[in-house]
Amino acid sequence: MPAERAGYTVTMFLVDVSSSMGKMRPVSVAGPDGKDSETIEMTNLEWSLQYIMLKVQEMIFNGRKTDKCGIILFGSEETSNVLNEAHGGYEHVSEYVPIAHPNASTLAKLQALEPSTVSGDPIDALIVAIEAQDRFLGNKKTWTRKICILTDGESPIEIEDWEATAKRINELGIGLTVVGIDFDDDDFTEDDKSEIKRANEEFYHKFIGALDKGAVGNCDYALTEISRPDVREVKSTMTGNVLRIGDTEARPEQAIEITIKTSKCTALARPKGFKRFARRKQTPEEEAAARDKMDEDGVEEPEIFTQLGMRSEYYVEEEKPGSLKNGSVDGDDDEASADVKTAGDKRLVKLEKEELVRGYKYGASFVPAPEGDFPRLGVRRGMDICGFFPRERFRRELAMGEVYYVWADPTSPMQQVALSSIAQAMRGANVLAIARWVKTDKGEPRMGVLWPPEFDEIDCFLWVQMPFAEDVRNFTFASLENLVNKKGEPVTEHPYLPTNEQLDAMEEFVDAMDLMDAGEKDEDGNRQPWFSTTDSYNPAIHRVKQAQYHAAIVKDLNRQPVPPPHEELLKYFEPPRRVLKRAREAVEECKRVFNVREVPKKVARVRKDEHVPAQDDDEEMLLLDRQSGMGAASSQSQRPTYSQTQQASPSRTQKKEASGNDSDSSATELEDDEEEELLLNASRRPGADAPPLPTPARSLSPESNPRARLDRGRALGRIVGTTYPLEDFRANIERGDLVTKAVEDLAFVIKQVVLRPFASQRADEMLECVQELRRVALEEDEIDAWNTFIRELRETCLETEPGNKAFWDKVRGIGRPLSLISQPEASKAGGKSSITESEAQKFIQD
């Protein structure tokens with residue numbers, strides 16, 4: 001299939017908005033976790049419009065102004081088209097979006113479409129689209145013309161003289177695509193299909209069969225295929241240049257000059273960059289108006305985001321006049337100036353860009369290179385062949401950048417013969433050429449390699465850039481095979497040197513993992529290679545593109561999250577099962593000969609600087625249970641209670657006592673640290689042999705820290721106690737790794753305390769806990785946990801025995817700030833909720 005010309009395309013989308021398009025259908029979408037699917041209902045029109053919106057988004061994404069489209073509706077309530085105005089007829093056909101380059105408003109108009117109460121004729125809409133497209137293009141014969149019809153096939157069609165319409169489409173070279181909702185194909189057949197739809201579907205196939213370029217497809221299949229990652233091949237613009245062999249100025253009789261054209265063979269693809277947005281700060285007048293509207297309608301004003309721009313400022317660091325480094329005590333400076341900022345003992349003086357000079361790093365210093373001070377290399381525009389070298393000496397890993405075609409001038413047969421003779425001679429001698437390419441006079445020269453490929457009907461070159469010699473860094477490493485001992489004698493047996501048995505085992509393993517015969521079988525029954533570069537896609541590009549497209553066409557991402565990646569994108573993520581099965585015995589053999597064992601988990605030990613290493617959640621919970629169980633018994637200890645993931649570091653005296661009991665382990669673990677400490681502190685610490693004093697920060701007395709002697713009131717498995725619930729909760733939230741557990745446990749403690757005798761004495765404290773719990777739940781996306789808790793709290797206070805109606809009255813007295821978290825609140829904080837604003841207000845008032 002030849003590559004299409006990039007851009008220069010007019011596509012007409014014909015959308016059926018008849019009443020039958022309002023039929024509801026179940027649609028499977030990705031769940032909130034992105035894995036489990038959920039089923040939602042939407043109209044046929046809303047579901048099928050995703051295809052057109054994805055097509056339009058593709059045009060917006062590419063950014064080519066020559067990609068244009070128009071949208072025509074049939075089955076609309078009104079009639080608005082050029083043929084109706086000129087000749088009448090063509091009822092219920094409306095030119096919804098004129099032909100132009102699409103933008104965000106085009107997608108917004110498509111999302112606003114609703115089914116009508118009438119029906120329209122798709123052939124009328126097709127004739128209107130042909131006429132509108134022809135009027136727009138006029139005599140532009142090189143532009144590509146496309147028409148796409150989106151319909152469910154339930155509207156009646158006037159099929160008289162359809163042959164004339166098909167003939168006109170072929171004359172203009174239009175490609176027609178019919179996307180039908182629930183149309184039959186190889187994988188799908190609709191059971192309860194109406195007679196009119198069956199007849200229309202047969203007519204569409206008959207109509208497309210009469211066209212030179214046309215297709216009929218199922219909408220479900222089309223939506224799947226449009227999300228398939230693909231590499232679109234487009235024609236590159238050819239640029240004129242000159243290929244020279246020899247010096248055409250000094251020795252013209254010994255030089256050759258050929259007129260050439262260059263074009264891209266490959267192009268580097270990157271994901272589209274994201275723009276940064278931030279909430280726009282409202283003025284006092286806007287805030288007052290939003291509050292008034294909130295009071296009247298009960299609906300929060302939507303937040304407005306604005307795009308952030310980049311601004312560069314240049315500063316130079318100087319010593320502050322009053323700093324000790326500067327040796328001055330005078331404080332007179334220009335720090336009050338707007339161009340001066342202070343940072344510690346430094347001050348930053350602002351400079352304008354015009355005051356700066358470009359510089360290049362050379363070693364540890366910078367070499368200034370003002371504009372115009374260094375003469376440019378006097379090179380001519382063109383591609384000069386500097387020499388030839390054997391093809392086998394080409395280092396493929398050094399090729400860099402994009403690959404270009406080098407063609408002879410298509411309009412000059414003599415130039416084509418000359419370039420062809422050079423290419424064939426290079427293939428015959430099995431050599432490549434070193435060529436310097438300069439695109440403009442006195443431009444930047446680039447060195448590269450000319451490669452003569454073997455094409456069937458044409459001779460040309462491929463040019464790829466290569467690095468300069470000083471840009472290639474060579475690093476040497478010690479040999480992995482030749483080991484010597486301290487005497488310089490070669491070592492033949494060493495754990496680093498593999499044995500013959502190990503080499504054989506690894507060779508069998510590598511052979512078993514061979515992918516060249518792990519693919520599907522061909523027609524002759526031979527296995528094909530499993531991996532193909534043409535079928536492998538970059539997930540960073542296509543997954544980001546899929547997410548951007550989906551976000552542009554979906555109204556509610558909470559209702560319709562981003563679907564999982566296309567199966568073609570994940571095709572090479574896992575090794576083929578056939579290879580894994582074949583390599584199973586080789587893997588076991590490697591495990592045996594290499595003595596591969598699972599590395600035991602390293603036990604965290606207390607370091608001398610008293611930093612506690614991170615631990616797993618399982619260990620934390622075990623430590624927590626141990627602490628909560630020891631709460632009352634630990635009153636004899638003078639150490640305070642730490643948070644659930646910390647354990648108190650033993651003092652140095654305790655370390656020495658432990659070393660006496662277990663000399664082997666302590667000697668290996670602490671030997672280096674102890675020696676280092678002794679070396680560092682021996683000169684400045686008299687009496688180094690005396691036992692060190694305990695660290696004050698870790699040895700608080702009961703009088704200075706009375707809470708250390710109290711039981712925190714933590715039940716087994718809980719990280720928030722009933723004694724100081726708010727303090728425990730905030731301590732765990734600051735750590736950030738047990739937010740869900742902390743929210744759950746504080747909710748449990750509140751419900752437990754409000755039912756205790758004399759609960760009124762702690763009512764204000766529990767009310768503060770409730771307020772803090774709601775704030776954290778909203779910020780940390782624990783909205784469902786809060787809504788469940790507040791419902792259970794009301795039931796606990798009002799419907800159970802003994803209950804606590806007085807405490808609930810206090811909660812209700814605060815009002816809306818302690819009610820259910822609604823969807824407007826949740827979306828503002830970046831979460832989601834199934835509670836509406838009216839439900840939240842009613843809950844706290846009842």
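**Exercise 1.** In this predicted model, work out whether Glu-507 counts as buried, partly exposed or exposed, and find the surface patch that includes Glu-507.

*Solution.* Start with the number: Glu-507 has 48% relative accessibility. Exposed means over 50% and buried means under 20%, so Glu-507 counts as partly exposed. Next, place the residue: Glu-507 sits in helix α10, residues 500-512. Finally, look at its company: Asp-504, Glu-507, Glu-508, Asp-511 and Asp-514 make up a negative surface patch.

**Exercise 2.** Find which residues make a nonpolar surface patch with Phe-594, and say where Phe-594 lies.

*Solution.* The patch consists of Met-506, Val-510, Phe-594 and Val-596, and together they offer about 340 Å² of accessible area. Phe-594 belongs to the loop between α13 (584-593) and α14 (617-629). With a relative accessible area of 35%, Phe-594 is partly exposed.

**Exercise 3.** Glu-313 pairs with Lys-350; work out which parts of the chain this pair ties together.

*Solution.* First check the distance: the closest N and O atoms of Glu-313 and Lys-350 are 3.8 Å apart, a salt bridge. Then locate both ends: Glu-313 is in the loop between β12 (305-307) and β13 (314-319), while Lys-350 is in strand β15 (residues 346-351), so the bridge links parts 37 residues apart in sequence. Glu-313 also has a salt bridge to Arg-311, at 3.6 Å from N to O.

**Exercise 4.** Trace the salt-bridge network that includes Arg-730.

*Solution.* Begin with Arg-730 and Glu-768, whose side chains meet at 3.8 Å, N to O. Arg-730 is in helix α17 and Glu-768 in helix α19, so this pair ties together parts 38 residues apart. Now follow the shared partners: Arg-730, Glu-768, Glu-772, Arg-775 and Glu-779 end up in one network.

Methods. Residues numbered from 1 in each chain as written. Predicted model: local features only at pLDDT ≥ 70, side-chain atom pairs only at ≥ 80, totals over all residues. Heavy atoms only, no water. Patch = residues over 30% accessible without salt bridge, like charges linked within 9 Å, V, L, I, M, F, W, Y side chains within 5 Å. Areas by Shrake-Rupley, 256 points an atom, 1.4 Å probe, with all protein chains shown as cover. Salt bridge = Lys/Arg side-chain N within 4 Å of Asp/Glu carboxyl O. Helix = DSSP H or I, 4+ residues; strand = E, 2+ residues; numbered from the N terminus. Buried < 20%, exposed > 50% of the residue type's maximum accessible area, 1.4 Å probe, protein only. Lys, Arg positive; Asp, Glu negative; His and termini not counted. Charge placed at Lys NZ, Arg CZ, Asp CG, Glu CD.
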